[in-house]
Amino acid sequence: MASLSDDTLRKILFQIQQTAVQSQRALSVTRQQVASKERERRILQLTKSEIGQTEDSVNVYRGVGKMFMMIPRSTMERDLKNQEKALTEDINNLNKKVTYLEKQFNDAQSQLRDIFNSPAK
């Protein structure tokens with residue numbers, strides 16, 4: 001490392017710091033997205049369970065803008081199931097992204113640690 005100029009070392013250090021900061025920000029945003037999707041999925045699950053507990057003769061309505069439209073119960077259940085499946089896939093993809101971002105952040109931190117803890121030559 002001693003053969004590199006101070007300006008080059010400063011640029012490398014700045015780049016590693018930027019990677020760590022960007023990873024941390026993206027990690028925070030992604031975790032918030034996961035929490036939001038989990039909330040949405042839980043609401044869908046509760047809605048499905050409430051619809052499942054009602055009798056088949058009970059009318060089911062879907063909100064459309066400022067009004068409600070009656071739809072067949074099977075259609076509502078199918079739509080809720082599809083929405084839940086899509087949310088589960090989104091959550092799985094976001095969890096993979098969280099894992100990647102955590103690894104990227106930890107790598108940047110370990111590089112910084114190595115730079116500052118390495119003995120000067």
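Nine salt bridges are counted in this predicted model, and several of them join segments that lie far apart along the chain. One is formed by the side chains of Glu 102 and Arg 31, with an N to O distance of 2.5 Å; because Glu 102 belongs to helix 2 and Arg 31 to helix 1, this pair ties together parts that are 71 residues apart in sequence. Glu 102 is partly exposed at 29% relative accessibility, and Arg 31 is likewise partly exposed, at 42%.

A salt bridge between Lys 37 and Asp 90, at 3.4 Å from N to O, again links helix 1 to helix 2, here across 53 residues. Strand 1, which covers residues 60–64, is linked to helix 2 through Arg 62 and Asp 79, 17 residues apart, whose side chains meet at 2.8 Å, N to O. Arg 62 has a relative accessible area of 24% and is partly exposed, as is Asp 79 at 23%.

Shared partners join Asp 56, Arg 73 and Glu 77 into one salt-bridge network. Within that network, Arg 73, a residue of helix 2, has 14% relative accessibility and therefore counts as buried, since the cut-off is under 20%. Beyond four places in sequence, Arg 73 touches Ile 51, Gly 52, Thr 54, Glu 55, Asp 56 and Val 60.

Ile 51 and Val 60 also belong to the largest nonpolar core, whose seven residues further include Leu 44, Ile 71, Met 76, Leu 80 and Leu 87. Helix 1 (6–53) and helix 2 (73–117) each give two or more residues to this core, with helix 2 giving the most, three. Met 76 touches Ile 51, Val 60 and Ile 71, as well as Tyr 61 and Arg 62, again leaving aside residues up to four places away.

Note on methods:
Residues numbered from 1 in each chain as written. Predicted model: local features only at pLDDT ≥ 70, side-chain atom pairs only at ≥ 80, totals over all residues. Heavy atoms only, no water. Core = buried A, V, L, I, M, F, W, Y, C linked by side-chain atoms within 4.5 Å. Buried < 20%, exposed > 50% of the residue type's maximum accessible area, 1.4 Å probe, protein only. Helix = DSSP H or I, 4+ residues; strand = E, 2+ residues; numbered from the N terminus. Contact = heavy atoms within 4.5 Å. Salt bridge = Lys/Arg side-chain N within 4 Å of Asp/Glu carboxyl O.
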